[in-house]
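Student: I have a new structure on my screen and would like to walk through it with you. Could we take it one question at a time?

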Amino acid sequence: MSILNILKYPDSLLQTKAKPVSKVDEEIKRLITDMAETMYFAKGIGLAATQVGVHKRVAVLDVPKDHTKHEGKIFKRGENLIALINPEITDHEGEIKYEEGCLSIPGFTADVKRFSKVAVRALNKDGNEMEIHADGLLAIALQHEIDHLDGILFIDRLSKLKRDIIKRKIKKAIESEKKML
Ligand code: NI
């Protein structure tokens, strides 16, 4: 197992559309193991292969069932771990706004509008077909990770005005960080 490097915005690799996985082999299984380890290490609830520079349609998620209780508590590894290969949204319903963050844009959050319920079809780590019906934070996280596989970041989902403001703030933060090095 190894901790992978998570790409940070504005790395252009984050804008790359990932290719479908044609065969769930040992390499994909190892990728999933490493991605899960990396996600737990970074204290995230989801990670897409795009974020570790692998342009294959693979994502891992571990969304606490009751995320209000999760805040500030020790993250139980593996409790709700989901590995998705070639995930696709097959159905959706409603609308929800939630303050999202991203391991590729550390320190920044913004309210993003998503579907409140989604059905997602994918292959699991054993290559078997699965379908998830999700609402709440899991539905949001699923859409966020699938977006990553399409080269889309949560800031791309904001209005142009809000996007420009947050991009400027991120740029400023990166510049001041560079000065401190
Ligand atoms: Ni993200």
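Student: Is K160 buried or exposed?
Tutor: Happy to start there, and please keep in mind that this is a predicted model. A residue counts as exposed when its relative accessible area is over 50%. K160 has a relative accessible area of 54%, so K160 is exposed.

Student: Which residue does K160 meet in a salt bridge?
Tutor: K160 and its partner are four residues apart in helix 4 (residues 160–180), which means about one helical turn separates them. The partner is partly exposed, at 30% relative accessibility. Their side chains meet with 2.8 Å from N to O, and the partner is D164.

Student: How many salt bridges does a search of the whole structure find?
Tutor: Side chains of opposite charge can pair when their charged atoms come close. The pair K160 and D164 is one such salt bridge. Searching the whole structure, the count of salt bridges is eight.

Student: Which residue forms a salt bridge with R114?
Tutor: The closest N and O atoms of this pair are 2.8 Å apart, and R114 meets D147 there. R114 lies in strand 5 and D147 in helix 3, so the pair ties together parts that are 33 residues apart in sequence. Both residues are buried. The partner you asked for is D147.

Student: Which residues are linked with R114 and D147 in a network of salt bridges?
Tutor: We have just met R114 and D147 as a salt-bridged pair. The network links this pair with two further names, E100 and R157.

Student: What is the N to O distance in the salt bridge of D126 and K125?
Tutor: D126 is partly exposed, at 49% relative accessibility. K125 is partly exposed too, with a relative accessible area of 43%. A salt bridge needs the nitrogen and oxygen within 4 Å. Here the N to O distance is 3.9 Å.

Student: How far apart are the C-alpha atoms of E26 and K125?
Tutor: E26 is found in helix 1 and is exposed, with a relative accessible area of 55%. Along the chain, E26 and K125 are 99 residues apart. In space, their C-alpha atoms are separated by 9.9 Å.

Student: What is the C-alpha to C-alpha distance between L181 and I155?
Tutor: L181 sits in the segment after helix 4, and L181 is exposed at 88% relative accessible area. L181 and I155 are 26 residues apart in sequence. From C-alpha to C-alpha, the distance is 27 Å.

Student: Let's turn to the metal. Which residues are the protein donors of the nickel ion?
Tutor: Along the chain, the donors follow the spacing C-x41-H-x3-H. They lie 2.1 to 2.3 Å from the nickel ion, through one SG atom and NE2 atoms. The donors are C102, H144 and H148.

Student: How many residues apart in sequence are the parts that C102 and H148 tie together?
Tutor: C102 is buried, and H148 is buried as well. C102 lies in the loop between strand 4 (96–100) and strand 5 (110–114), whereas H148 belongs to helix 3 (residues 136–149). The parts that this pair ties together are therefore 46 residues apart.

Student: Which elements give two or more residues to the negative surface patch?
Tutor: The patch is formed by D91, E93, E129 and E131. E93, for one, has its place in strand 3. The elements that give two or more residues are strand 3 (81–93) and strand 7 (129–135).

Student: And the backbone: which residues does a cis peptide bond join?
Tutor: Most residues other than glycine have a negative phi, and most peptide bonds are trans. In this cis bond, omega is about 10°. Its proline lies in the segment before helix 1 (26–41). The joined residues are Y9 and P10.

Student: K43 has a phi near 60°; is K43 buried or exposed?
Tutor: That phi is a positive value in a residue other than glycine. K43 lies in the loop between helix 1 and strand 1 (46–48). With a relative accessible area of 68%, K43 is exposed.

Student: N86 also has a positive phi, of about 50°; is N86 buried or exposed?
Tutor: N86 lies in strand 3. The cut-off for buried is under 20% relative accessible area. N86 has 18%, so N86 is buried.

Notes. Residues numbered from 1 in each chain as written. Predicted model: local features only at pLDDT ≥ 70, side-chain atom pairs only at ≥ 80, totals over all residues. Heavy atoms only, no water. Donors = N, O, S within 2.8 Å, 3.2 Å for Na, K, Ca; no water. Buried < 20%, exposed > 50% of the residue type's maximum accessible area, 1.4 Å probe, protein only. Patch = residues over 30% accessible without salt bridge, like charges linked within 9 Å, V, L, I, M, F, W, Y side chains within 5 Å. Areas by Shrake-Rupley, 256 points an atom, 1.4 Å probe, with all protein chains shown as cover. Lys, Arg positive; Asp, Glu negative; His and termini not counted. Charge placed at Lys NZ, Arg CZ, Asp CG, Glu CD.
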